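Subject: Structure handover

Hello,

Please find the structure below. My notes on what turned up in it follow.

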Amino acid sequence: MSEYQSLSGYQLLLRRANQKKANPTIAEKILLSALETKIPIHQFRFQIVMMPFIVDFVSLGKQVILEVDGSSHDHAQDSDSTRQYDLERWIFISPLYK
């Protein structure tokens, strides 16, 4: 049995987010550095699970999500639109972050 088969959906996403944190892309590194030095007041967090997604950067206090597009987004315009709609609903209605 794979170590991943026993994980819940959230646990699996959390593990993947931690792997992505440990291995950011060049674009993510550049943006992370800029966010930390230029606008630290927004307190952006990196690779955060927002079920059922992992978002690249989020400032929950400002209700802002930033995604860094890369090759995984090349042919995903329809799914990106659905993801955007779902995330907009999630961040504005979630009682956890009010």
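This is a predicted model. I begin with a backbone detail: Gln 63 takes a positive phi near 55°. Gln 63 belongs to the hairpin of S2 and S3, where four residues lie between the strands.

S2 and S3 run antiparallel and are joined by three bridges. On the other side of the pairing list, strand S1 (residues 45-50) pairs with S2, also in the antiparallel sense, over five bridges. S1 and S2 form a hairpin too, with two residues between them. Val 58 of S2 appears in both pairings: Val 58 is the bridge partner of Arg 45, and in S3 the bridge partner of Val 58 is Ile 65.

How many residues of strand S2 (residues 53-59) are buried? Seven of the seven are, so S2 is largely enclosed by the rest of the structure.

The salt bridge count comes to one. Arg 83 and Glu 67 form a salt bridge, with 2.9 Å between the closest N and O atoms. Arg 83 lies in helix H3 (residues 77-93) and Glu 67 in the loop between strand S3 (64-66) and H3, so the pair ties together parts that are 16 residues apart in sequence. Arg 83 counts as buried at 17% relative accessibility, while Glu 67 is partly exposed at 29%.

On the surface, Tyr 10, Leu 14 and Met 51 form a nonpolar patch, with about 260 Å² of accessible area together. Tyr 10 lies in helix H1 (residues 9-22) and is partly exposed, with a relative accessible area of 42%.

Regards

Definitions and conventions: Residues numbered from 1 in each chain as written. Predicted model: local features only at pLDDT ≥ 70, side-chain atom pairs only at ≥ 80, totals over all residues. Heavy atoms only, no water. Salt bridge = Lys/Arg side-chain N within 4 Å of Asp/Glu carboxyl O. Buried < 20%, exposed > 50% of the residue type's maximum accessible area, 1.4 Å probe, protein only. Patch = residues over 30% accessible without salt bridge, like charges linked within 9 Å, V, L, I, M, F, W, Y side chains within 5 Å. Areas by Shrake-Rupley, 256 points an atom, 1.4 Å probe, with all protein chains shown as cover. Pairing = 2+ DSSP bridges.
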